[in-house]
Amino acid sequence: MKNKKAFQIASTGLMAALSYVVFTFLQIKITLPGGDATSIHLGNAVCVLGALILGGFYGGLGGAVGMAIGDLLDPVYVIYVPKTLVLKLCIGMITGLVAHRFGHITHSDDRRHIFRWTILAGAAGLLFNAVFDPLFGYYYKLLILGKPAAELALVYNVASSAFNAAASLITATIIYMALLPALKKSGLFIKL
């Protein structure tokens with residue numbers, strides 16, 4: 001690849017657009033008492049996929065920006081924009097760290113090695129999110145909305161975060177393993 005940095009920046013924008021579309025239009029919103037909501041979505045899968053293809057920072061940034069724009073344009077989620085930016089960037093950073101620094105997935109041709117480290121990397125990033133999204137959400141709501149609203153939403157947020165993590169891990173792994181030969185063949189594969 002001639003200009004790796006330009007490709008990563010352009011692809012970050014593509015991942016932001018993809019995460020926005022997946023999060024906004026393919027979500028199942030669950031309204032909670034008190035006007036709050038949680039949702040089932042695959043936006044986190046885009047963060048993981050981006051981190052596997054582009055590296056942790058660029059993949060996480062694409063997912064974070066896309067889902068933050070989705071939050072910004074939704075009156076129910078608008079107060080969560082800062083939380084979304086931080087947590088989704090962390091998903092990408094952790095996934096990228098495990099996949100590229102420890103697993104060296106872009107330097108291997110062994111499909112089983114790549115598959116194994118793809119699962120481990122995605123699981124690490126999504127486990128972080130499954131723990132810290134409800135935790136940050138609790139303290140964030142406690143600060144903004146008060147204790148009863150925060151406690152009520154916590155159980156729903158834990159359940160939806162866990163489901164989203166499992167669904168995102170499966171989806172991102174399947175898509176990455178399917179895209180890998182095409183990326184290599186087309187010359188769009190980056191060794192990180």
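1. Buried here means under 20% relative accessible area, exposed over 50%, and partly exposed in between, with a 1.4 Å probe and protein chains only. By that rule K88 counts as buried, at 6% relative accessibility. Please keep in mind that this is a predicted model, where local features need pLDDT of at least 70 and side-chain atom pairs count only at pLDDT 80 or more, while totals for chains, interfaces and linings use all residues. Residues are numbered from 1 along each chain as its sequence is written, and side-chain values use heavy atoms, with hydrogens and water left out.

2. A good place to start is helix α4, residues 81-102. Helices (H or I, at least four residues) and strands (E, at least two) are DSSP runs, numbered from the N terminus. The 22 residues of α4 reach 31 Å from first C-alpha to last, close to the 32 Å expected at 1.5 Å a residue; the expected span is 1.5 Å times one less than the number of residues. After α4 comes H104, which has a positive phi, near 50°.

3. Next, the burial of α4. Its buried residues are V81, K83, T84, L87, K88, I91, G92, T95, G96, V98, A99 and H100. An α-helix has 3.6 residues a turn, so residues three or four places apart point the same way. The cover over the buried residues of α4 includes α2 (43-54), α3 (56-72) and α5 (111-144), with contact meaning heavy atoms within 4.5 Å.

4. Now to the charged pairs. A search of the whole structure gives 4 salt bridges, a salt bridge being a side-chain nitrogen of Lys or Arg within 4 Å of a carboxyl oxygen of Asp or Glu. Side chains of opposite charge can pair when their charged atoms come close. K83, K88 and D133 are linked in a network of such bridges.

5. How far apart are the partners in that network? D133 and K83 meet at 3.2 Å, N to O. This pair joins distant parts of the chain, with D133 in helix α5 and K83 in helix α4, 50 residues apart. D133 also meets K88, at 3.6 Å, N to O. Here too α5 and α4 are linked, through residues 45 apart in the chain. D133 is buried, at 12% relative accessibility, and K83 is buried with a relative accessible area of 12%.

6. Another salt bridge is worth a look: D74 to K29, at 2.4 Å, N to O. D74 sits in the loop between α3 and α4, and K29 in strand β1 (residues 28-31), so to speak two distant parts of the chain, 45 residues apart. D74 counts as buried at 12% relative accessibility, whereas K29 is partly exposed at 35%.

7. On to the open spaces. The largest pocket has a volume of about 280 Å³. Of its 13 lining residues, G55, G56, G96, H100 and R101 are the closest to its centre. The elements giving two or more residues to this lining are α1 (4-25), α3 and α4, and α4 supplies the largest share, 5 residues. On a 1 Å grid over the protein atoms alone, a pocket is an open set of points with protein on both sides within 12 Å along at least five of seven lines, and a cavity is a set where a 1.4 Å probe fits but cannot get out; lining residues have an atom within 4 Å of a point. Grid points are joined across faces, edges and corners, and a volume is the space filled by probe spheres set on the points.

8. Of enclosed spaces, there are 2 cavities of 30 Å³ or more. The largest holds about 300 Å³. Among its 20 lining residues, T38, S39, H41, K83 and D133 lie nearest the centre. Its lining draws two or more residues from each of β2 (37-40), α4, α5 and α6 (147-186). By class, this lining has 4 nonpolar, 11 polar and 5 charged residues; Ala, Val, Leu, Ile, Met, Phe, Trp, Tyr, Cys and Pro count as nonpolar, Asp, Glu, Lys and Arg as charged, and the others, Gly among them, as polar.

9. Finally, the second largest cavity has about 30 Å³ of space. The residues lining it are L52, I53, T106, Y176, L183, L188, F189 and I190. They divide into 7 nonpolar, 1 polar and no charged.
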